[in-house]
Amino acid sequence: MLARIFIAIIRLSPSLQKGLWKWWYQRLAHRGRDADWAFMNYGFTPKNGGPALVLKEQDESDRPFIELYNYTASQIPIKGLNVLEIGSGRGGGSSFIARYHEPTQITGLDYSPQAIELSSELHRDIPNLNFIQGDAESLPFNDRVFDAIINVESSHCYGNMAEFVSEVARVLKPNGYFSWVDLRGKDMIGEVEEAFSIEELRKIKEATITTEVIEALDDIHERKMAVIKQHVPRWIQPAFRDFSGVKGSKIYNGFKDGSAVYIAKVFQKV
Ligand SMILES: C[S@@+](CC[C@H](N)C(=O)[O-])C[C@H]1O[C@@H](n2cnc3c(N)ncnc32)[C@H](O)[C@@H]1O
């Protein structure tokens with residue numbers, strides 16, 4: 001049963017969907033506590049052409065996941081600014097942005113208390129980085145606080161996408177930027193477009209990055225299989241394989257046959 005939930009879950013009723021995802025990520029934060037992984041995204045392998053991202057040795061093993069963050073963060077100004085990441089997971093992405101993109105401050109927000117506890121522990125030595133528990137649909141911040149917001153592979157879990165978008169617009173300063181990447185079933189694109197169509201946000205860029213994500217999934221297949229084998233109890237391994245998008249999983253096949261897409265959008269607050 002669990003092995004089949006991944007695609008189905010994003011079609012459930014909003015509140016049920018949100019509750020299930022919450023349960024799942026709490027479980028992940030708990031289960032994977034011992035594992036040395038700070039990312040929970042599908043990764044991104046850039047097409048040849050641009051200069052290669054230079055990483056410190058300690059970050060090299062996380063390259064595919066970092067590349068997705070680097071792509072997302074590189075779309076907007078970050079240096080010297082006050083930045084928010086919504087759905088920061090285990091904090092690896094906020095940590096990368098804090099160290100490589102040099103914001104004055106970056107706050108990672110996630111609604112899993114365990115993920116926040118783990119992030120604060122794993123990345124405690126980075127001065128311009130902090131983590132806070134909160135809900136993307138009801139952000140615990142005043143209006144017009146952040147210069148830039150990023151959101152990586154998290155919004156498919158939200159019960160009400162329109163509520164999230166309106167919260168992003170509320171906490172962004174005028175002219176602030178919002179860079180978003182996530183996956184959707186192809187038939188759900190219309191709903192996403194509708195949620196993003198609000199007066200306060202002007203779309204300035206968009207792209208489909210499914211090819212780059214598939215390439216990353218291919219590159220990290222063996223490593224993911226090894227982590228699942230080592231850290232996940234046997235009975236729940238099929239669910240983790242589906243969830244993590246290894247070759248042959250429903251989501252991997254969906255990307256391949258076009259029934260699922262990975263999209264990127266950039267907005268500026270007007
Ligand atoms: C697939 S993980 C991605 C984590 C991180 N962005 C990364 O790439 O490693 C999705 C994250 O979104 C978080 N999340 C889901 N619903 C949320 C909500 N309503 N508010 C805040 N965070 C949420 C989950 O707890 C989880 O950590």
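Colleague: Quick one to start: is the crossing in which α3 passes α4 left-handed or right-handed?

Modeller: Right-handed, as α3 passes α4. Keep in mind that this is a predicted model.

Colleague: Noted! At what angle do α3 and α4 pack?

Modeller: About 60°, and their axes are 10 Å apart. That angle makes α3 oblique to α4, because roughly perpendicular begins at 65 degrees.

Colleague: Which residues make that contact?

Modeller: From α3 you have Phe65, Ile66, Tyr69 and Ala73, and from α4 come Gly92, Gly93, Phe96 and Ile97. By class, the contact of α3 with α4 has 6 nonpolar residues, 2 polar ones and no charged ones.

Colleague: Nice. Switching to the ligand: which residues come nearest?

Modeller: Asn41, Gly87, Gly89, Ala136 and Ser154 come nearest, out of 23 residues around the ligand.

Colleague: And which helices each supply at least two residues of that shell?

Modeller: α2, residues 14-31, and α4, residues 92-100, each do. So α4 turns up again, having packed with α3.

Colleague: How do the residues of the shell divide by class?

Modeller: There are 11 nonpolar, 8 polar and 4 charged residues around the ligand.

Colleague: Let's look further along the chain. Where do α8 and α11 sit in the sequence, and at what angle do they cross?

Modeller: Helix α8 covers residues 210-219 and helix α11 covers residues 250-257. Their axes come within 10 Å and cross at roughly 140°.

Colleague: Why are those two called oblique rather than roughly antiparallel?

Modeller: Roughly antiparallel needs an angle over 145 degrees, so α8 and α11 count as oblique to each other.

Colleague: Left-handed or right-handed, as α8 passes α11?

Modeller: That crossing is left-handed. The α8 side of the contact is Thr210, Val213, Ile214 and Leu217, while α11 brings Tyr252, Phe255 and Lys256.

Colleague: What's the mix of classes in the contact of α8 with α11?

Modeller: It has 5 nonpolar residues, 1 polar and 1 charged.

Colleague: Last topic, confidence. What pLDDT does the protein chain average?

Modeller: The average is 90, and 86% of the residues score at least 70.

Colleague: Where is the pLDDT below 50?

Modeller: Residues 1-5 are below 50. Beyond near neighbours in sequence, that stretch has 7 contacts in the model.

Key
Residues are numbered from 1 along each chain as its sequence is written. This is a predicted model: local features need pLDDT of at least 70, side-chain atom pairs count only at pLDDT 80 or more; totals for chains, interfaces and linings use all residues. Axes are lines fitted to C-alpha atoms, for helices over the stretch in contact, and angles run from 0 to 180 degrees between N-to-C directions. Helices (H or I, at least four residues) and strands (E, at least two) are DSSP runs, numbered from the N terminus. Angles under 35 degrees count as roughly parallel, over 145 as roughly antiparallel, 65 to 115 as roughly perpendicular and the rest as oblique. A crossing is left-handed if the near helix is turned anticlockwise from the far one by less than a right angle, and right-handed if clockwise. Two residues are in contact if their C-beta atoms, placed from the backbone, lie within 7 Å. Ala, Val, Leu, Ile, Met, Phe, Trp, Tyr, Cys and Pro count as nonpolar, Asp, Glu, Lys and Arg as charged, and the others, Gly among them, as polar. pLDDT is the predictor's confidence in each residue, from 0 to 100. A residue is near a molecule or strand if its C-beta atom, placed from the backbone, lies within 6 Å of it.
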